[in-house]
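Please work through the exercises below with the sequence and the structure open beside you, and try each task before reading its solution.

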Amino acid sequence: MIILLFGKPGAGKGTQAPLLAAALGVPTLATGDELRAAIRKGTPLGLEAKSYMDRGDLVPDAVILGIIKAALSEPRNARGVLLDGVVRTVPQAEGLSAVAEELGMKIKAVLVFDIDDEEIVRRLADRVVCDTCQTPYTGREPGTLCDKDGGVLVRRKDDEPEAIRNRLAVYQRQTAPVLDWYRQHGTRVAVIDAVGSVQDVSARALGALAG
Ligand code: AMP
């Protein structure tokens, strides 16, 4: 069972993913987290991805499909996985479908976190993330420590205003059309209101997935 968490940057996918994963008993895969980890380690994947990410552009589909294929083939993901921030283009949707079919996994639903651009800009201007486990926080100062693992909270380079504007434009141009692709291919697309407390949004998400 594969569930896709979908929505603009800053919609709350990264906050909700671990909560929903715990409630559903499946692991998560966030391509953004995988790529940032590769950048920190200085691997060839990280070197290739960095300039795209810093500008707020999408990393090439072939790179993303390589990550998805490797992750879905891991035994720990065999029962199912929650994909956070995947997929972001129609070719990725097509590629994921092919991999899922090969592995006998079904794409159960696309869960869309709905939020307007003004709220996104407000949230991201105030976001810091743990530089080791990537947990996002708002209302915390950079340089303070993560509640989960004591890592240092930092601003993401792509949360600067220019990169945010580009990421929202990229979402409209390349990512939003993915929803119609899933609707046309018979996958359930559930849209939930992403504004509210973390608990309320989780409850809406779980309700939508159960319905
Ligand atoms: P995120 O952490 O999901 O906001 O992703 C941060 C950045 O990683 C994005 O702005 C892209 O540059 C890159 N990225 C993450 N996931 C994908 C994907 N599925 N397709 C293309 N680029 C991605």
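The exercises that follow concern a predicted model, and each one pairs a task with a solution in steps.

**Exercise 1. The parallel sheet**

Determine the order of the strands in the open sheet of 5 strands, and find which strands are at its edges.

Solution. Step one is to read the order, which is E2-E3-E1-E4-E8, with parallel pairing. Step two is to look for strands that pair on one side only, and these are strand E2, residues 28–30, and strand E8, residues 188–193. From one strand to the next, the twist averages 20°.

Step three is to check the pairing around strand E3, residues 81–84. With E2 it pairs in the parallel sense over 3 bridges, and the partners include leucine 29 with leucine 83 and alanine 30 with aspartate 84. E1 and E3 likewise pair in the parallel sense, over 4 bridges, and in this pairing leucine 4 stands opposite leucine 83.

Step four adds a helix: H1, residues 13–24, lies across strands E1, E2, E3 and E4, and runs at about 175° to E3.

**Exercise 2. The side chains of E3**

Sort the residues Val81, Leu82, Leu83 and Asp84 by the way they point from E3, and state whether they are buried or exposed.

Solution. Step one is to recall that in a regular strand the side chains alternate between the two faces of the sheet. Step two is to apply this to the model, where Val81 and Leu83 point one way from E3, Leu82 and Asp84 point the other way, and all are buried.

Step three takes valine 81 as the worked case. Its relative accessible area is 1%, and because buried means under 20%, valine 81 counts as buried. Leaving aside residues up to four places away in sequence, valine 81 touches Met1, Ile2, Ile3, Val26, Pro27, Thr28, Leu29 and Leu72. Valine 81 and leucine 24 are 57 residues apart in sequence, while their C-alpha atoms are 9.5 Å apart in space.

**Exercise 3. The antiparallel sheet and two cysteines**

Give the order of the open sheet formed by 3 strands, and then explain why cysteine 130 is too far from the closest cysteine sulfur for a bond.

Solution. Step one is the order, E6-E5-E7, in which the pairing is antiparallel. The edge strands are E6, residues 136–138, and E7, residues 153–154, each of which pairs on one side only. Strand E5, residues 127–130, is joined to E7 by 2 bridges, and cysteine 130 stands opposite leucine 153 in E7.

Step two is to compare sulfur positions. The closest cysteine sulfur to that of cysteine 130 is in cysteine 133, at 3.8 Å, and because a disulfide requires sulfur atoms within 2.5 Å, this pair is too far apart for a bond. By this rule the count comes to 0 disulfides.

Step three is to compare the surroundings of the two residues: cysteine 130 counts as buried, at 1% relative accessibility, whereas cysteine 133 counts as partly exposed, at 31%.

**Exercise 4. The ligand and arginine 36**

Find which of the 15 residues around the ligand come nearest, and describe the place of arginine 36 in the structure.

Solution. Step one is to list the nearest residues, which are Thr31, Arg36, Asp57, Arg88 and Gln92. Step two is to identify polar contacts by atom type. A polar backbone atom of aspartate 57 is 2.6 Å from an oxygen atom of the ligand, and a polar backbone atom of valine 59 is 3.1 Å from a nitrogen atom of the ligand. From arginine 156 it is a polar side-chain atom that lies 3.0 Å from an oxygen atom of the ligand.

Step three turns to arginine 36, which lies in helix H2, residues 31–41, and is buried, with a relative accessible area of 17%. Not counting residues up to four places away in sequence, arginine 36 touches Met53, Gln134 and Arg156.

**Exercise 5. Two backbone details**

Identify which residues a cis peptide bond joins, and state where glutamine 134 is placed.

Solution. Step one concerns the cis peptide bond, which joins valine 86 and valine 87 with omega at about 5°; valine 87 is found in the loop between E3 and helix H5. Step two concerns glutamine 134, whose place is in the loop between E5 and E6. Its phi is near 75°, a positive value in a residue other than glycine, and at 11% relative accessibility glutamine 134 counts as buried.

Note on methods. Residues are numbered from 1 along each chain as its sequence is written. This is a predicted model: local features need pLDDT of at least 70, side-chain atom pairs count only at pLDDT 80 or more; totals for chains, interfaces and linings use all residues. Side-chain values use heavy atoms; hydrogens and water are left out. Two strands pair if DSSP finds at least two bridges between them. Axes are lines fitted to C-alpha atoms, for helices over the stretch in contact, and angles run from 0 to 180 degrees between N-to-C directions. Contact means heavy atoms within 4.5 Å. Buried means under 20% relative accessible area, exposed over 50%, partly exposed in between (1.4 Å probe, protein chains only). A residue is near a molecule or strand if one of its heavy atoms lies within 4 Å of it. A polar contact is a pair of N or O atoms within 3.5 Å; within protein, one must be able to donate a hydrogen and the other to accept it, and residues adjacent in sequence count only if both atoms are side-chain atoms.
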